[in-house]
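Colleague: Hey, can you walk me through this one? I'd like to start with the ligand and then get to the sheets.

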Amino acid sequence: MTPRAQRSLARFRTLPAGEGDAPDIPADAANFADALLAGLRSDPKRISCKYFYDSEGSRLFEKVCGIPEYYPTRTELALLKAHAPEMTALIGAEAEIVEFGAGAGEKIRPLLDALERPRAYLPIDISGAYLRGIAARLTEEYPALDIRPIVADFTRTVVLPSASDARRVGFFPGSTIGNLAPQEAQQFLANAANMLKGGGLLIGVDLVKDPGVLHAAYNDPAGITAAFNKNLLVRANREAGANFELARFAHYAFYNPMQRRIEVYLVSNAAQRVTVCGRTVAFAEGEAIHTEWSYKYTVEDFRRLAASAGFVPRAVWCDAERLFSIHWLEAA
Ligand code: AVJ
């Protein structure tokens with residue numbers, strides 16, 4: 001991330017009472033072309049993983065979640081289903097739930113089914129059309145619930161509807177926090193702790209484990225993860241006047257045990273020139289575009305990180321194999 005992006009990371013603002021609902025923040029998808037070109041002209045080349053999630057990317061990510069080797073989604077969903085009564089007891093009655101990166105809207109269901117008179121559900125997602133579809137479906141299933149979708153990049157400023165007197169609780173599943181470097185994660189958590197004062201944050205965090213298991217989760221034999229990664233190039237061709245040839249780039253992902261993160265790249269398999277927004281970008285043979293980090297934590301390390309950001313770490317739930325964790329962090 002650029003220093004500028006870092007400084008603007010995760011600011012939450014609440015509209016003053018009476019100013020009505022938060023308007024949609026045009027997720028900086030509009031700036032995709034600019035960000036893409038800037039990223040491809042920097043050294044090393046990079047594209048932020050948040051640009052994975054156009055409508056097609058969100059659909060592809062749903063497919064990733066179903067990959068047999070990709071354990072996080074099913075493990076976390078099972079934890080939510082098994083422990084929803086304890087989790088919702090900690091969240092408390094009449095809470096307002098803010099979800100960061102709502103995606104397919106599946107993980108909130110076990111909580112909604114167990115929550116006592118939730119005041120409102122505010123799913124935030126960068127993928128606008130996709131989010132609206134999900135919100136419409138949830139509205140049909142939970143007609144009594146006040147659902148307010150917010151299209152926004154939650155790593156930037158998010159404007160929430162005017163503060164109610166409800167306890168505000170964050171829900172951040174999927175280990176999406178792993179996309180942030182630890183220092184950025186700490187900053188995000190510090191801002192969240194501030195926004196959620198009096199409530200808390202329920203957050204899913206992928207765990208450090210056998211590198212072979214991690215490697216397999218990001219290298220499925222059917223190539224779904226590769227398609228998800230390469231969707232960045234498809235999107236660039238459609239939205240940024242680029243002419244990437246998909247066959248000339250390879251998906252490359254591995255676990256770096258020193259940094260405790262999965263690193264994801266698109267690697268040029270030849271020396272080539274690509275046009276992006278009317279500019280030429282040159283690739284050497286074997287040159288990589290960095291597209292994603294996915295940090296893994298131990299339970300203790302994550303609790304320490306959360307505490308350093310101002311949360312009081314309380315309950316933790318893990319599956320028997322210790323693949324994945326969900327933390328309840330209190331914002332005192
Ligand atoms: C959505 C960021 C949690 O890091 O595991 C899955 C994204 N990338 N396969 C992850 C992802 C490749 C995923 N997160």
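Modeller: Sure. One term to begin with: a polar contact is a pair of N or O atoms within 3.5 Å. And keep in mind that this is a predicted model.

Colleague: Okay, so how far is the polar side-chain atom of Ser 294 from an oxygen atom of the ligand?

Modeller: That distance is 2.6 Å. Tyr 70 has a side-chain N or O atom 2.5 Å from a ligand oxygen, and for Glu 292 a side-chain N or O atom sits 2.7 Å from a ligand nitrogen.

Colleague: And how much of the ligand's accessible area does the protein cover?

Modeller: The protein covers 96% of it, where the ligand on its own has 350 Å².

Colleague: How many residues surround it?

Modeller: There are 13 around the ligand, and the closest are Tyr 70, Gly 174, Tyr 218, Glu 292 and Ser 294. By type, the shell has six nonpolar residues, six polar ones and one charged.

Colleague: Which helices and strands each supply at least two residues of that shell?

Modeller: Those are α3 (55–65), α9 (224–239) and β13 (288–295).

Colleague: Let's switch to sheets. Where does β13 sit in the four-stranded one?

Modeller: The order is β2-β13-β10-β9, in an open sheet with mixed pairing. The edge strands are β2 (45–46) and β9, which each pair on one side only. β10 and β13 are antiparallel and share seven bridges; Arg 261, for instance, is bridged to Tyr 295 in β13.

Colleague: Which helix packs on that sheet?

Modeller: α9 does, touching β9, β10 and β13, and its direction makes about 120 degrees with that of β9.

Colleague: What about β9 and β10, how do they run?

Modeller: Antiparallel, with eight bridges joining β9 (residues 249–256) to β10 (residues 261–268). Ala 250 has Val 267 as its bridge partner in β10. The two strands form a hairpin with four residues between them, and Arg 260 in the turn has a positive phi of about 55 degrees.

Colleague: Now the other sheet. What's the strand order there?

Modeller: β5-β4-β3-β7-β8-β15-β14: seven strands in an open sheet, again with mixed pairing. β5 (150–151) and β14 (312–318) each have a single partner strand, so one side of each has no neighbour in the sheet.

Colleague: Are β7 and β8 parallel or antiparallel?

Modeller: Parallel, over four bridges. One bridge takes Gly 170 to Leu 201 in β8. Helix α7 (residues 182–195) lies across β3 (95–100), β7 and β8, at about 160 degrees to β3.

Definitions and conventions
Residues are numbered from 1 along each chain as its sequence is written. This is a predicted model: local features need pLDDT of at least 70, side-chain atom pairs count only at pLDDT 80 or more; totals for chains, interfaces and linings use all residues. Side-chain values use heavy atoms; hydrogens and water are left out. A residue is near a molecule or strand if one of its heavy atoms lies within 4 Å of it. A polar contact is a pair of N or O atoms within 3.5 Å; within protein, one must be able to donate a hydrogen and the other to accept it, and residues adjacent in sequence count only if both atoms are side-chain atoms. Accessible areas come from the Shrake-Rupley method with a 1.4 Å probe; for residues, only the protein chains shown count as cover. Ala, Val, Leu, Ile, Met, Phe, Trp, Tyr, Cys and Pro count as nonpolar, Asp, Glu, Lys and Arg as charged, and the others, Gly among them, as polar. Two strands pair if DSSP finds at least two bridges between them. Contact means heavy atoms within 4.5 Å. Axes are lines fitted to C-alpha atoms, for helices over the stretch in contact, and angles run from 0 to 180 degrees between N-to-C directions.
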